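Dear colleague,

I am handing over the structure shown below, and after it you will find an account of what came out when it was examined. Please keep the structure open while you read, so that each part can be found as it is named.

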Amino acid sequence: MSDELISKKELLELAGISYGQLYRWKRKDLIPEEWFIRKSTFTGQETFFPKEKVLERINKIQTMKDNLSLDELADMFSPNISGLKLEKDELVKRNIVSSPVMDIYLEMDKGGQQFTFSRMIEVYVLEKLLQSGEINLDEGKMLLQVLKNNTQLIKQKKCELVIIRKLGVSSCLLLINSEDFYFEPGTKVVTVLSMITCLEEIKAKLL
């Protein structure tokens, strides 16, 4: 059951962590305050947790804490991870991008091997479209330039990336709050990609 609760004592034993670790992670907001549920029992007040959520979170913390500081982990688990920075190897490890596409990206972009969240979006979109075969390398360069020039736009909820071709010539557009769009006859719509969906997919891989 997703709403099954586990007591603090059971959690510490099952996860193999100490009381001090648990509350240090709480202070760093790695485990949300609202997951600490106070309930009355026959022995007095006890603390319980949503079992499935807290065990999954602790497993992620234990898996990642050797490579990331507690502050970096706190950034990752925050609702807003726009300030997060990760090394390129971490992105490959988390299946956000494959090694071949990472190499292609770094050839196109000379921004170094540390990735801000904006660059994570760029490399993730490049990965999706190159691996699917929807675009070629020249089109990849074009879409990266469009994404770089419109960093703030791509974080809006209704932003869509559209790539079109006509007579072998490609164009890349970002559309905001668009219900429908129309092009002249003979234009092929190569792909329409929701940027908010991409953001959510990246965050799911990070967490």
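In this predicted model, three strands form an open sheet, in which the order is β1-β3-β2 and the pairing is antiparallel. The strands at the edges are β1 (5-7) and β2 (37-41), each of which pairs on one side only. If the directions of the strands are ignored, neighbouring strands in this sheet are turned against each other by 45° on average. Between β2 and strand β3 (residues 44-50), the antiparallel pairing runs over five bridges, and if you look for a pair of residues to start from, I37 stands opposite F48 in β3.

Two helices can then be placed against these strands. Helix α1 (residues 8-15) packs on the sheet, where it touches β1 and β3, and its direction makes about 85° with that of β1. Helix α3 (residues 51-64) lies across β1 and β3 as well, running at about 70° to β3.

Within α3 there is also a salt bridge, formed by E56 and K60, whose closest N and O atoms are 3.4 Å apart. Both residues lie in helix α3 and are four residues apart, which is about one turn of the helix. E56 is partly exposed, with a relative accessible area of 43%, and K60 is also partly exposed, with a relative accessible area of 23%.

Next comes the packing of one helix on another. Two packed helices are described by the angle between their axes and the distance between the axes. For helix α6 (residues 99-108) and helix α8 (residues 137-149), the angle is about 65° and the axes are 11 Å apart, and α6 passes α8 in a right-handed crossing. On the side of α6 the contact is made by I104, Y105 and M108, while α8 contributes L137, G140, K141, L144 and K148. Sorted by character, the residues of this contact divide into five nonpolar, one polar and two charged.

One of these contact residues, K148 of α8, also takes part in a salt bridge, its partner being E122, with the closest N and O atoms 2.7 Å apart. Because K148 lies in helix α8 and E122 in helix α7 (residues 117-132), the pair ties together parts that are 26 residues apart in sequence. Are the two partners buried or exposed? K148 counts as partly exposed, at 29% relative accessibility, whereas E122, at 3% relative accessibility, counts as buried because its value is under 20%. This pair does not stand by itself, for D109, R119, E122 and K148 are linked in a network of salt bridges.

Helix α7 is involved in another such pair, in which the side chains of K128 and E201 meet in a salt bridge at 3.2 Å, N to O. This pair links distant parts of the chain, with K128 in helix α7 and E201 in helix α9 (residues 195-206), 73 residues apart. K128 is partly exposed, with a relative accessible area of 29%, and E201 counts as partly exposed too, at 27% relative accessibility.

How many salt bridges are there in the model? The count comes to 11 salt bridges, among them the E56 and K60 pair, the K148 and E122 pair and the K128 and E201 pair.

With kind regards

Key:
Residues are numbered from 1 along each chain as its sequence is written. This is a predicted model: local features need pLDDT of at least 70, side-chain atom pairs count only at pLDDT 80 or more; totals for chains, interfaces and linings use all residues. Side-chain values use heavy atoms; hydrogens and water are left out. Axes are lines fitted to C-alpha atoms, for helices over the stretch in contact, and angles run from 0 to 180 degrees between N-to-C directions. A crossing is left-handed if the near helix is turned anticlockwise from the far one by less than a right angle, and right-handed if clockwise. Contact means heavy atoms within 4.5 Å. Ala, Val, Leu, Ile, Met, Phe, Trp, Tyr, Cys and Pro count as nonpolar, Asp, Glu, Lys and Arg as charged, and the others, Gly among them, as polar. Two strands pair if DSSP finds at least two bridges between them. A salt bridge is a side-chain nitrogen of Lys or Arg within 4 Å of a carboxyl oxygen of Asp or Glu. Buried means under 20% relative accessible area, exposed over 50%, partly exposed in between (1.4 Å probe, protein chains only).
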